[in-house]
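This report describes the fold of one protein chain. Please consult the sequence and the structure shown below while reading.

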Amino acid sequence: MGFFDRPLSVLTGLALVCSLAAPAAAEQASRLDEIVQRGSLRVGMTGDYKPFTSLDKATAKFSGFDVDMAESLGKALGVKVEFVPTSWPQLMKDFEADKFDVAMGGVSITLDRQKKGYFSTPIMREGKTPIARCTDTSKYQTLSDIDKPGTRVVVNPGGTNERFARANIKAADIRVHPDNVTIFDEIAQGAADLMMTDASETRYQQKLHPGVLCAVHPDKPFDFSEKAYWLQRDTALKAFVDQWLHISTENGSYQAIYKTWFD
């Protein structure tokens, strides 16, 4: 039986179902609509990854590259920004619990995270590379140089740095340091030999520890990765964030914020 051969009662029923479904679909608010109506954008941040994000525990204030970018996004949306503290080990659980609309603060794109939400257009190309005491950089040029008995590799727990180290280091000693703020002091003070982290972070920490810590070939990292903003699964929100990033790049506002924290 073709469509036009069906009884009139069946066709009438189909039309009624369609007419009822259309308004329901139209009335369903997107995450973008919810944010605008709420008047606030909830941004999850760890606060321990300079220069992307840093939390001053005394004042409970966040600062950093992605803090400024979040404020810029909030302004574009016409809402205030509410920063929600999280941690790298807790980030996935907090995202799944809908504690924030977007995770920012040096978040790397991973397929595990992609399963749970959307990523914005990438904001930065990255890759893991070592940072060590400047006197030792020649010793840690390759993964085989690093992966030797007696080498002490320090990692922060729960993020892509620990994952990369455990995937590539079998003979060297991996030590977990729970505080991402003081982890580089472990290297500077001789308690660890090196850390493998994102090239941007090695460059920044090199600036903070001149003559003491040096980034090892940050222009040629061991792998490829990108940073982006991790969004709850909503196509309207992703479209808005991507368009905001495009405009920010074209009008120079992204470059101005980048220069403040990285140059």
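The sections below treat the model as a whole, its sheets, its helix packing and its unusual backbone sites.

## Overall composition and confidence

The structure is a predicted model. The chain contains eleven helices and 15 strands, and 45% of its 263 residues are buried. Among contacts with a separation of 6 or more, 71% link residues 24 or more positions apart.

The mean pLDDT of the chain is 91, with 90% of the residues at 70 or more. Over residues 8-14, however, the pLDDT is below 50, and this stretch has four contacts in the model beyond near neighbours in sequence. Where pLDDT is low, predicted coordinates should not be read in detail.

## The five-stranded sheet

An open sheet with mixed pairing is built from five strands in the order 5-1-6-15-7. Its edges are formed by strand 5 (80-85) and strand 7 (118-119); each has a single partner strand, so one side of each is left without a neighbour in the sheet. Strands of a sheet pair through backbone hydrogen bonds, in either a parallel or an antiparallel manner.

At one of these edges, strand 7 runs antiparallel to strand 15 (residues 230-231), and two bridges join the pair. Within this pairing, W230 of strand 15 is the bridge partner of F119. The other edge strand, strand 5, is covered together with strand 1 (40-45) by helix 3 (residues 65-77), which lies across both and runs at about 140° to strand 5.

## The three-stranded sheet

A further open sheet comprises three strands in the order 2-3-4, with antiparallel pairing. Strand 2 and strand 4 are its edge strands, each pairing on one side only. Two bridges connect strand 2 with strand 3 in antiparallel orientation, and Y49 stands opposite T53 of strand 3.

The loop between strand 2 (48-49) and strand 3 (53-56) holds P51. The peptide bond leading from K50 to P51 is cis, with omega near 0°. The next loop to be considered, between strand 3 and strand 4 (61-63), contains A60. A60 has a positive phi of about 60° although it is not a glycine. With a relative accessible area of 55%, A60 is exposed.

## A further backbone site

Most residues other than glycine have a negative phi, and most peptide bonds are trans. Against this background, D98 also merits attention: its phi is positive, near 60°, and the residue is not a glycine. D98 belongs to the loop between helix 4 (91-96) and strand 6 (102-103). Its relative accessibility is 32%, so D98 counts as partly exposed.

## Packing of helix 10 and helix 11

Two packed helices are described by the angle between their axes and by the distance between the axes. Helix 10 (residues 235-251) packs with helix 11 (residues 253-262) at an angle of about 75°, and the axes are 4 Å apart. The two helices, helix 10 and helix 11, are therefore roughly perpendicular to each other.

The contact brings S248, T249 and N251 of helix 10 together with S253, Y254 and Q255 of helix 11. By residue class, the contact of helix 10 with helix 11 has one nonpolar and five polar residues, and no charged residue.

Conventions
Residues numbered from 1 in each chain as written. Predicted model: local features only at pLDDT ≥ 70, side-chain atom pairs only at ≥ 80, totals over all residues. Heavy atoms only, no water. Pairing = 2+ DSSP bridges. Contact = heavy atoms within 4.5 Å. Axes fitted to C-alpha atoms, helices over the stretch in contact; angles between N-to-C directions. Buried < 20%, exposed > 50% of the residue type's maximum accessible area, 1.4 Å probe, protein only. Parallel < 35°, antiparallel > 145°, perpendicular 65-115°, else oblique. Nonpolar A, V, L, I, M, F, W, Y, C, P; charged D, E, K, R; others polar. pLDDT = per-residue confidence, 0-100.
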